[in-house]
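Please open the model in your viewer and keep the sequence panel visible beside it. The tour proceeds by selection, one stop after another.

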Amino acid sequence: MSVETRKAALRFLFAPIVDRLGYKFTPNEEDADFLLEQEAALEAETGIPYCPCQARAGERSEDMRMVCPCIPFHRSHYDAMRRCWCGLFVHKDVTDPDRLRQIPESKFKAGN
Amino acid sequence: MYAKAIETKELAPGGMKAVALRGVEAVICEYAGRYYAVSRACGHAAARLERGALTGWILTCPLHFAQFDVRTGEALSGPAPKAPETAHRDPRDPSLSTRGLKTWPAKAEDGWIWIDIP
């Protein structure tokens, strides 16, 4: 098992899933590579490719909401940001992901 | 030396099938018009891999969901962690390592799939 082959496998497995959700991998290749590397490391440690940018609660039902790609569990929130929380995926029409900003979930919920 | 395994029509695109040839148990996989032969037993706990799922070039074990690259036999990930409240042994027990799969060259010729088994 190597990190590089696992990253390639995660890309292969995730691409058709996020495509159907209206998302794509971020065009910022450096970011995508780094985030996939973190996911591969988390998966090697825990057996599950958790989002590298969200803290696990230690409660299974909550933690399952941050298994990558976690878009379906946060759909309206991510659609408002046009990216997922860590930025591995962006809306298909996004060409410059650096212009997108994270909106904390609490702030997003307060605004709705 | 190549041995005749199965007819090409027995394998749907993206499908896989177990065969036993010359004392070897293998799974033949089809991906993008090419055929790959890997050992039938999972490199983790020897589950029968043809009962798993083939997603492109990624073969997922039906028992604990370890994944393998059928093109190279390389293990891509170990097993999933233990399910909550199960009495079974944790599949991620460090004593259960996940080995890569043995591979054999495979080719299609005259309507048959052939595997090179020494």
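Begin with the place where the two chains meet. Select the residues on either side of the contact: chain A contributes 11 residues and chain B contributes 15 residues. The model is a predicted one.

On the side of chain A that touches chain B, now select helices α1 and α2 (29–46) of chain A; each of them supplies at least two residues there. Which of the elements of chain A gives the most to that side? It is α1(A), with five residues. Colouring the residues of this side by type shows five nonpolar, three polar and three charged ones.

Keep α1 of chain A selected, residues 3–20, and add chain B to the view. The helix lies across strands β5, β6, β7 (67–69) and β8 of chain B. Relative to β8(B), α1(A) runs at about 65 degrees.

Next, hide chain A for a moment and select the strands of chain B over which the helix lies. In what order do the four strands of this open sheet stand? The order is β5-β6-β7-β8 in chain B, and the pairing is antiparallel. At the edges are β5 (53–55) and β8 (75–77) of chain B, each of which pairs on one side only. Looking along the sheet, one finds that neighbouring strands are turned by 30 degrees against each other on average, direction ignored.

Zoom in on one edge of the sheet. Here β5(B) pairs with strand β6 of chain B, residues 58–60, in the antiparallel sense and over three bridges. For one individual pairing, select B:A53 and look across to β6(B), where its bridge partner is B:T60.

Finally, show chain A again, by itself and as a cartoon. Five helices and two strands make up its secondary structure. Following the chain along the sequence, the viewer passes through the pattern α-β-α-α-α-β-α.

Switch to the C-alpha trace to consider the overall dimensions. Along its principal axes, the trace of chain A spans about 45 × 35 × 20 Å. Chain A has a radius of gyration of 14 Å, which agrees with a compact globule, because a globule of 112 residues would have a value near 13 Å.

Two further values complete the view of this chain. Of the 112 residues of chain A, 24% count as buried. Among contacts in chain A between residues at least 6 apart in sequence, 50% join residues that are at least 24 apart.

Technical notes. Residues numbered from 1 in each chain as written. Chains lettered and ligands numbered in written order. Predicted model: local features only at pLDDT ≥ 70, side-chain atom pairs only at ≥ 80, totals over all residues. Pairing = 2+ DSSP bridges. Axes fitted to C-alpha atoms, helices over the stretch in contact; angles between N-to-C directions. Contact = placed C-beta atoms within 7 Å. Nonpolar A, V, L, I, M, F, W, Y, C, P; charged D, E, K, R; others polar. Rg over C-alpha atoms; globule rule 2.2 N^0.38 Å. Buried ≥ 20, exposed ≤ 12 C-beta atoms within 10 Å, placed from the backbone.
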